[in-house]
Amino acid sequence: MDNSTNNMNEKLVQYLDGELAGAEKEDFEHELAMNKSLQDELDSLKATREAVKMFGLQQKVSGVHQQMMQEMQAPVKKMNPIVIGSNRRIIRYSIAIAASVVLIVGSIIGYNFYSLSSDKVFASNYHSYELSTLRDGDTLQVSMVEKAYRDTNYKKVVELHSLIGSNSIKETFLAAMSYVELGNNTKAIDEFKKVIAEDETANTNLFKDEAEYYLALTYISNKDYDFALELLRKTRDNPNNPYHKKVTGKLIRQVKMLKWR
Amino acid sequence: MEEIRNFPDSEMVANLRSGKRMDETIKAIYRDHFESLCWYVMNNSGSRQDAEDVFQEVVMAFIELVQKDKFRGESTVKTFLYSLNRYTWLNELKRKGRALAREEKYEKGQERTEFDTSHFIADRESKAQVVNLVGQLGETCKKILLLFYYENLSIGEILDTLDYENEQVVRNKKYKCLKQLEQMIAEKPILKQTLKNLLNG
């Protein structure tokens with residue numbers, strides 16, 4: 001668009017807005033009378049101005065309408081007083097259905113949110129750690145700690161573990177599991193951390209994956225959700241981790257919800 | 001506490017025409033006429049919600065007609081609104097395809113005695129589309145154009161309400177917004193024609 005066209009357009013808007021006067025206005029009207037495309041452009045601008053006025057009136061009436069419906073204790077209608085013809089009822093029903101769906105979904109989410117507890121999440125994900133079955137001849141090599149664990153004598157496990165000064169990673173892990181079984185989260189967390197640290201120091205992975213998974217569950221039980229989430233995400237992000245499939249999106253969502261409660 | 005007062009027809013029309021005390025005047029129309037016009041719709045297959053929708057359109061149409069000087073007191077405001085209401089609702093029923101024979105019969109008996117307003121009302125679907133189209137403008141554009149063309153504020157007054165450097169910046173912005181809306185309307189020839197008809201009708 002060249003400068004002269006721009007100037008003419010601006011002048012046209014000035015004329016539309018009633019800002020031209022005197023000789024300037026007369027000159028422009030003379031030009032207008034001679035120029036059909038200028039007349040069309042003026043018509044177009046007038047139509048645009050009309051649209052703005054229509055919108056303004058709609059906003060004004062709509063605002064008062066809502067106030068008056070409240071004053072008259074009638075059902076208040078939302079904006080958009082002019083909803084296109086026969087679509088109005090469909091839109092209203094759609095809104096009602098959508099609102100119902102939102103309400104139902106909201107109720108379910110709300111129920112889940114408020115009925116959720118750390119104990120529930122822990123209980124629904126926790127399964128006692130089971131040692132592999134021993135073959136004949138292996139029994140002699142089993143430590144006392146492991147034997148007590150296999151007998152589900154968790155008190156004995158933790159007693160033996162604390163009595164024996166140097167435990168293997170496996171024994172420490174079993175002691176940690178036993179503390180979980182006994183409901184002593186603090187001690188369980190300490191022992192799981194030892195397992196992880198020892199595996200990392202030795203650059204092995206004897207019980208690291210197990211310890212991280214059960215430590216995360218213990219954190220949930222202990223309401224340490226941030227620590228739990230960090231470990232759960234780590235497990236979930238590693239497809240090679242044997243607990244990868246156990247850490248579902250649902251579990252992570254539940255822990256997040258618990259965090260916000 | 002807001003004072004509630006009644007307006008005689010002449011004052012009501014004068015206010016609507018000048019754009020002064022609009023809120024108060026529109027509220028008075030609601031208080032004076034909503035219940036009786038609502039009753040009409042609800043007694044002719046409509047719901048309360050239908051009645052509210054129709055009344056809102058009727059008020060808009062009435063104000064437009066007054067401002068275009070097309071209501072000159074040939075009838076009372078009440079009669080005129082009643083006719084607009086009846087016409088709008090019957091059109092809606094026809095659109096829904098469930099106008100009852102009973103109503104048609106009833107309406108035929110009324111045609112000769114009522115004030116005919118059908119030719120005053122623009123196609124409501126097109127009007128709705130115009131409103132939707134303007135609603136698609138950015139918030140700043142909508143505000144500037146409304147303040148200037150609907151509220152009739154000067155560029156200086158708009159400068160006082162918006163955060164711009166000077167009047168020229170406001171003027172440039174207003175120009176761009178107007179051209180943008182013009183372009184949006186140009187892309188919808190039917191709407192453009194509706195607007196032209198409204199201007200010339």
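This is a short chat about a predicted model, its helix H9(A), the contact between chains A and B, and B:Leu147.

User: Hi! How should I read the numbering here?
Analyst: Residues count from 1 along each chain as its sequence is written, and chains are lettered from A in the order in which they are written. The model is predicted, and local features need pLDDT of at least 70.

User: Cool. How many residues does helix H9 of chain A have?
Analyst: H9(A) has 17 residues, 185-201. Helices are DSSP runs of H or I with at least four residues, numbered from the N terminus.

User: And which residues of H9(A) are buried?
Analyst: They are A:Ala188, A:Ile189, A:Glu191, A:Phe192, A:Val195, A:Ile196 and A:Asp199. Buried means that 20 or more other C-beta atoms, placed from the backbone, lie within 10 Å of the residue's own.

User: What do those buried residues pack against?
Analyst: They pack against helix H8 (169-182) and helix H10 (208-221) of chain A.

User: New topic: how many residues of chain A are in contact with chain B?
Analyst: 37 residues of chain A are in contact with 42 residues of chain B. Contact means C-beta atoms, placed from the backbone, within 7 Å.

User: Where does the largest share of that side of chain A come from?
Analyst: From H3(A), which gives 23 residues.

User: Last one: why does B:Leu147 count as buried?
Analyst: Because B:Leu147 has 20 other C-beta atoms within 10 Å. Its place is in helix H7 (residues 139-150) of chain B.

User: Which residues does B:Leu147 touch, leaving aside neighbours within four places in sequence?
Analyst: B:Leu147 is in contact with B:Leu153, B:Ile158 and B:Thr161.

How values were computed:
This is a predicted model: local features need pLDDT of at least 70, side-chain atom pairs count only at pLDDT 80 or more; totals for chains, interfaces and linings use all residues. Helices (H or I, at least four residues) and strands (E, at least two) are DSSP runs, numbered from the N terminus. The expected span of a helix is 1.5 Å times one less than its number of residues. A residue is buried if 20 or more other C-beta atoms lie within 10 Å of its own, exposed if 12 or fewer, and partly exposed in between; C-beta atoms are placed from the backbone. Two residues are in contact if their C-beta atoms, placed from the backbone, lie within 7 Å.
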